[in-house]
Amino acid sequence: MVAPYVVVLESTKACDLACRHCRAKAIPNRLPGELTIEEIKRLVDDLSSSGVKLFVISGGDALKRDDIFEILEYSSRRITTALSPSGSRINPEVAKKIRDTGVNMVSISIDGPEEIHDQFRGVQGAFKMAIEAVKSLQSAGLPVQINSTISKYNVDRLQELRETIEKLRPVFWDVFMLIPTGRATRDMMVSPAEAEQVMRTIAKWRVEGLNVRMTCAPYLVRVMNEMGITRPLPLIKTTGGEV
(Lines give C-alpha, C1' and ligand atoms only; values in the text may rest on other atoms or scores of the structure.)
Protein backbone atom coordinates (compact mmCIF):
# COMPACT_ATOMS: atom_id res chain seq x y z
CA MET A 1 0.00 0.00 0.00
CA VAL A 2 1.31 3.45 -0.90
CA ALA A 3 1.48 5.87 2.04
CA PRO A 4 -0.29 9.24 1.73
CA TYR A 5 2.02 12.16 1.04
CA VAL A 6 0.62 14.30 3.87
CA VAL A 7 -1.27 13.55 7.07
CA VAL A 8 -2.99 16.29 9.10
CA LEU A 9 -3.67 15.77 12.81
CA GLU A 10 -6.52 17.70 14.41
CA SER A 11 -4.75 17.73 17.75
CA THR A 12 -7.43 19.57 19.74
CA LYS A 13 -10.79 21.28 19.27
CA ALA A 14 -9.73 24.14 21.54
CA CYS A 15 -9.24 27.55 19.91
CA ASP A 16 -9.43 31.23 20.89
CA LEU A 17 -11.16 32.18 17.64
CA ALA A 18 -14.73 31.53 16.52
CA CYS A 19 -14.32 31.19 12.75
CA ARG A 20 -17.59 31.15 10.79
CA HIS A 21 -16.37 28.28 8.61
CA CYS A 22 -14.48 26.18 11.19
CA ARG A 23 -14.25 22.59 9.99
CA ALA A 24 -13.58 21.37 13.53
CA LYS A 25 -16.39 23.38 15.13
CA ALA A 26 -13.72 24.49 17.59
CA ILE A 27 -14.57 25.52 21.14
CA PRO A 28 -12.68 27.61 23.75
CA ASN A 29 -11.45 24.72 25.90
CA ARG A 30 -9.96 21.29 25.37
CA LEU A 31 -12.13 18.21 25.61
CA PRO A 32 -11.39 14.98 27.49
CA GLY A 33 -10.50 12.12 25.23
CA GLU A 34 -8.01 13.95 23.01
CA LEU A 35 -4.99 11.89 22.02
CA THR A 36 -2.35 11.87 24.73
CA ILE A 37 1.23 12.80 23.98
CA GLU A 38 2.19 9.12 24.13
CA GLU A 39 -0.51 8.25 21.59
CA ILE A 40 0.60 11.06 19.28
CA LYS A 41 4.22 9.88 19.50
CA ARG A 42 3.15 6.39 18.49
CA LEU A 43 1.21 7.90 15.59
CA VAL A 44 4.30 9.83 14.49
CA ASP A 45 6.38 6.65 14.61
CA ASP A 46 3.80 4.82 12.50
CA LEU A 47 3.60 7.63 9.93
CA SER A 48 7.37 7.89 9.69
CA SER A 49 7.86 4.16 9.19
CA SER A 50 5.08 4.01 6.59
CA GLY A 51 6.70 6.66 4.39
CA VAL A 52 4.47 9.69 4.96
CA LYS A 53 6.41 12.76 3.80
CA LEU A 54 4.66 15.61 5.62
CA PHE A 55 2.90 15.72 8.99
CA VAL A 56 0.78 18.80 9.72
CA ILE A 57 -0.38 19.46 13.28
CA SER A 58 -3.57 21.49 13.32
CA GLY A 59 -6.61 22.04 15.51
CA GLY A 60 -8.54 24.01 16.75
CA ASP A 61 -5.31 25.63 17.78
CA ALA A 62 -2.57 23.15 18.65
CA LEU A 63 -0.88 25.83 20.76
CA LYS A 64 -3.64 25.40 23.34
CA ARG A 65 -2.08 22.04 24.20
CA ASP A 66 0.45 22.43 27.02
CA ASP A 67 2.47 19.55 25.55
CA ILE A 68 2.62 20.91 21.99
CA PHE A 69 6.31 21.86 22.01
CA GLU A 70 7.34 18.38 23.11
CA ILE A 71 5.10 16.91 20.40
CA LEU A 72 6.60 19.19 17.73
CA GLU A 73 10.15 18.38 18.78
CA TYR A 74 9.50 14.64 18.76
CA SER A 75 7.76 14.75 15.40
CA SER A 76 10.32 17.03 13.74
CA ARG A 77 13.11 14.54 14.48
CA ARG A 78 11.25 11.80 12.61
CA ILE A 79 9.26 13.39 9.80
CA THR A 80 8.95 16.75 8.05
CA THR A 81 6.54 18.61 10.32
CA ALA A 82 4.45 21.74 9.83
CA LEU A 83 2.27 23.59 12.33
CA SER A 84 -1.06 25.22 11.51
CA PRO A 85 -2.15 27.31 14.53
CA SER A 86 -4.77 30.05 14.72
CA GLY A 87 -2.13 32.73 15.23
CA SER A 88 -3.81 34.16 18.32
CA ARG A 89 -1.14 32.87 20.73
CA ILE A 90 2.06 33.64 18.82
CA ASN A 91 4.43 36.38 19.95
CA PRO A 92 8.22 36.63 19.51
CA GLU A 93 8.89 34.34 22.49
CA VAL A 94 6.45 31.65 21.32
CA ALA A 95 7.80 31.91 17.77
CA LYS A 96 11.31 31.14 19.00
CA LYS A 97 10.03 28.14 20.96
CA ILE A 98 8.33 26.84 17.82
CA ARG A 99 11.52 27.36 15.80
CA ASP A 100 13.59 25.49 18.36
CA THR A 101 11.43 22.37 17.97
CA GLY A 102 12.69 21.96 14.40
CA VAL A 103 9.37 22.58 12.65
CA ASN A 104 9.80 23.19 8.91
CA MET A 105 6.96 25.61 8.33
CA VAL A 106 4.08 27.39 10.06
CA SER A 107 0.88 28.41 8.28
CA ILE A 108 -1.26 31.36 9.37
CA SER A 109 -4.68 32.21 7.93
CA ILE A 110 -5.48 35.69 6.62
CA ASP A 111 -8.70 36.18 4.68
CA GLY A 112 -8.63 39.84 3.74
CA PRO A 113 -8.14 43.33 5.11
CA GLU A 114 -8.80 43.84 8.80
CA GLU A 115 -12.59 44.25 8.84
CA ILE A 116 -13.13 41.23 6.56
CA HIS A 117 -10.73 38.99 8.48
CA ASP A 118 -12.12 39.89 11.90
CA GLN A 119 -15.69 39.30 10.73
CA PHE A 120 -14.81 35.92 9.23
CA ARG A 121 -12.76 34.78 12.22
CA GLY A 122 -15.39 35.87 14.73
CA VAL A 123 -13.07 37.80 17.06
CA GLN A 124 -12.29 41.50 17.09
CA GLY A 125 -8.54 41.94 16.76
CA ALA A 126 -7.97 38.61 15.01
CA PHE A 127 -6.32 40.37 12.06
CA LYS A 128 -3.81 42.19 14.27
CA MET A 129 -3.01 38.91 16.03
CA ALA A 130 -2.44 37.15 12.70
CA ILE A 131 -0.13 39.93 11.48
CA GLU A 132 1.86 39.81 14.73
CA ALA A 133 2.10 36.02 14.42
CA VAL A 134 3.47 36.22 10.87
CA LYS A 135 6.02 38.87 11.77
CA SER A 136 7.11 37.07 14.94
CA LEU A 137 7.59 33.80 13.06
CA GLN A 138 9.53 35.48 10.28
CA SER A 139 11.74 37.30 12.80
CA ALA A 140 12.48 33.93 14.41
CA GLY A 141 13.62 32.63 11.02
CA LEU A 142 10.68 30.35 10.32
CA PRO A 143 9.17 29.99 6.84
CA VAL A 144 5.56 31.17 6.87
CA GLN A 145 2.78 30.05 4.56
CA ILE A 146 -0.38 32.14 4.49
CA ASN A 147 -3.73 30.45 3.89
CA SER A 148 -6.81 32.32 2.67
CA THR A 149 -10.35 30.98 2.36
CA ILE A 150 -12.52 32.43 -0.39
CA SER A 151 -16.17 32.84 0.55
CA LYS A 152 -19.04 35.25 0.03
CA TYR A 153 -17.37 37.50 2.62
CA ASN A 154 -14.30 38.31 0.54
CA VAL A 155 -14.87 37.16 -3.04
CA ASP A 156 -15.30 40.74 -4.21
CA ARG A 157 -12.14 41.88 -2.38
CA LEU A 158 -9.55 39.65 -4.06
CA GLN A 159 -7.21 42.46 -5.08
CA GLU A 160 -7.20 43.85 -1.54
CA LEU A 161 -6.53 40.36 -0.24
CA ARG A 162 -3.57 40.02 -2.59
CA GLU A 163 -2.16 43.37 -1.50
CA THR A 164 -2.53 42.38 2.15
CA ILE A 165 -0.69 39.10 1.60
CA GLU A 166 2.07 40.54 -0.56
CA LYS A 167 3.00 43.07 2.13
CA LEU A 168 3.77 40.14 4.44
CA ARG A 169 6.04 38.38 1.93
CA PRO A 170 5.21 34.77 2.85
CA VAL A 171 7.21 31.99 1.22
CA PHE A 172 3.94 30.59 -0.04
CA TRP A 173 0.29 31.60 -0.38
CA ASP A 174 -2.41 28.91 -0.48
CA VAL A 175 -5.94 29.91 -1.49
CA PHE A 176 -8.80 27.64 -0.39
CA MET A 177 -12.33 27.56 -1.74
CA LEU A 178 -14.80 27.28 1.13
CA ILE A 179 -16.32 23.82 1.51
CA PRO A 180 -19.57 23.55 3.51
CA THR A 181 -18.41 21.34 6.35
CA GLY A 182 -18.21 21.95 10.09
CA ARG A 183 -19.70 25.40 10.75
CA ALA A 184 -19.50 26.42 7.10
CA THR A 185 -22.84 26.41 5.26
CA ARG A 186 -23.77 26.40 1.59
CA ASP A 187 -24.90 30.01 1.68
CA MET A 188 -21.33 31.01 2.55
CA MET A 189 -20.00 29.55 -0.69
CA VAL A 190 -19.34 31.63 -3.78
CA SER A 191 -21.50 31.08 -6.86
CA PRO A 192 -20.23 28.96 -9.79
CA ALA A 193 -19.67 32.13 -11.82
CA GLU A 194 -17.73 33.72 -8.95
CA ALA A 195 -15.66 30.54 -8.51
CA GLU A 196 -14.76 30.61 -12.19
CA GLN A 197 -13.65 34.23 -11.91
CA VAL A 198 -11.60 33.49 -8.79
CA MET A 199 -9.76 30.71 -10.59
CA ARG A 200 -9.10 32.87 -13.64
CA THR A 201 -7.77 35.60 -11.36
CA ILE A 202 -5.48 33.17 -9.54
CA ALA A 203 -4.28 31.71 -12.85
CA LYS A 204 -3.48 35.23 -14.10
CA TRP A 205 -1.56 36.00 -10.92
CA ARG A 206 0.48 32.83 -11.35
CA VAL A 207 1.46 33.92 -14.84
CA GLU A 208 2.58 37.22 -13.34
CA GLY A 209 4.94 35.25 -11.09
CA LEU A 210 2.97 35.26 -7.83
CA ASN A 211 3.73 32.12 -5.80
CA VAL A 212 0.11 31.16 -5.17
CA ARG A 213 -1.82 27.93 -5.52
CA MET A 214 -5.33 26.73 -4.76
CA THR A 215 -6.60 23.97 -2.49
CA CYS A 216 -10.09 22.44 -2.70
CA ALA A 217 -10.23 23.63 -6.32
CA PRO A 218 -8.95 20.87 -8.63
CA TYR A 219 -10.75 22.53 -11.53
CA LEU A 220 -8.03 25.21 -11.52
CA VAL A 221 -6.11 22.84 -13.82
CA ARG A 222 -9.03 22.91 -16.28
CA VAL A 223 -9.15 26.71 -16.17
CA MET A 224 -5.39 26.99 -16.71
CA ASN A 225 -5.61 24.60 -19.67
CA GLU A 226 -8.41 26.68 -21.18
CA MET A 227 -6.29 29.80 -20.73
CA GLY A 228 -3.28 28.10 -22.29
CA ILE A 229 -1.25 28.32 -19.09
CA THR A 230 1.27 25.55 -18.50
CA ARG A 231 3.15 26.84 -15.46
CA PRO A 232 3.46 23.89 -13.02
CA LEU A 233 2.13 24.08 -9.49
CA PRO A 234 4.77 25.64 -7.22
CA LEU A 235 6.26 23.68 -4.36
CA ILE A 236 6.30 24.70 -0.71
CA LYS A 237 9.73 26.04 0.15
CA THR A 238 10.91 25.07 3.62
CA THR A 239 14.15 25.24 5.56
CA GLY A 240 14.52 21.54 4.84
CA GLY A 241 14.08 21.90 1.10
CA GLU A 242 10.94 21.44 -0.95
CA VAL A 243 7.81 19.56 0.11
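Colleague: Let's start with strand β5. How many of its residues are buried?

Modeller: Seven of its seven residues are buried, and β5 is mostly covered. Keep in mind that this is a predicted model. The strand spans residues 144-150.

Colleague: Which residues of β5 point one way, and which the other way?

Modeller: Start with the general idea. In a regular strand the side chains alternate between the two faces of the sheet. Here, Val144, Ile146, Ser148 and Ile150 point one way from β5. Gln145, Asn147 and Thr149 point the other way, and all of these residues are buried.

Colleague: And which way does β5 run beside β4, parallel or antiparallel?

Modeller: Parallel: strand β4, residues 105-109, is joined to β5 by four bridges. One of the partnerships is between Val106 and Val144 of β5. There is also β6, which runs parallel to β5 and is joined to it by six bridges. For a residue to click on, try Asn147, whose bridge partner in β6 is Asp174.

Colleague: Now the rings. How many aromatic pairs does the count come to?

Modeller: The count is two. Take Phe120 and Tyr153: their ring centres are 5.6 Å apart and their planes meet at 50°, so this pair is tilted. For a pair, planes under 30 degrees apart would count as stacked and over 60 as edge-to-face.

Colleague: Where do Phe120 and Tyr153 lie?

Modeller: Phe120 belongs to helix α4 (residues 114-121), while Tyr153 is in the loop between β5 and α6, so the pair ties together parts that are 33 residues apart in sequence. Both rings belong to buried residues: Phe120 has 1% relative accessibility, and Tyr153 has 14%.

Colleague: How are the planes of Trp173 and Trp205 arranged, stacked or edge-to-face?

Modeller: Stacked, with 25° between the planes and 5.8 Å from centre to centre. This pair also links distant parts of the chain, 32 residues apart: Trp173 sits in strand β6 (residues 172-177) and Trp205 in helix α7 (residues 192-207). Trp173 is buried at a relative accessible area of 3%, and Trp205 is buried too, at 4%.

Colleague: A ring can also have a charge over it. Which residue's charged end sits over the ring of Tyr74?

Modeller: That is Arg78, whose charged end is 3.5 Å from the centre of the Tyr74 ring.

Colleague: How many disulfides does a search of the whole structure find?

Modeller: First the idea: a disulfide is a covalent bond between the sulfur atoms of two cysteines. The search finds zero of them here. For Cys19, the nearest cysteine sulfur is that of Cys15, 5.9 Å away. For Cys22, the nearest is that of Cys19, at 6.0 Å. The cut-off for a disulfide is 2.5 Å between the sulfur atoms, so neither distance qualifies. Cys19 is buried at 8% relative accessibility, as is Cys22 with a relative accessible area of 12%.

Colleague: Let's finish with one residue in its surroundings. Where is Thr164 placed?

Modeller: Thr164 is in helix α6, which covers residues 158-168. With a relative accessible area of 14%, Thr164 is buried.

Colleague: What does the side chain of Thr164 reach?

Modeller: The backbone oxygen of Glu160, at 2.9 Å. Looking beyond neighbours within four places in sequence, Thr164 is in contact with Ile110, Gly112, Pro113 and Phe127.

Note on methods
Residues numbered from 1 in each chain as written. Predicted model: local features only at pLDDT ≥ 70, side-chain atom pairs only at ≥ 80, totals over all residues. Heavy atoms only, no water. Phe/Tyr/Trp six-rings, centres within 6.5 Å; stacked < 30°, edge-to-face > 60°. Helix = DSSP H or I, 4+ residues; strand = E, 2+ residues; numbered from the N terminus. Buried < 20%, exposed > 50% of the residue type's maximum accessible area, 1.4 Å probe, protein only. Lys NZ or Arg CZ within 6 Å of the ring centre and 35° of its normal. Polar contact = N/O pair within 3.5 Å; in protein donor to acceptor, adjacent residues only side chain to side chain. Contact = heavy atoms within 4.5 Å. Pairing = 2+ DSSP bridges.
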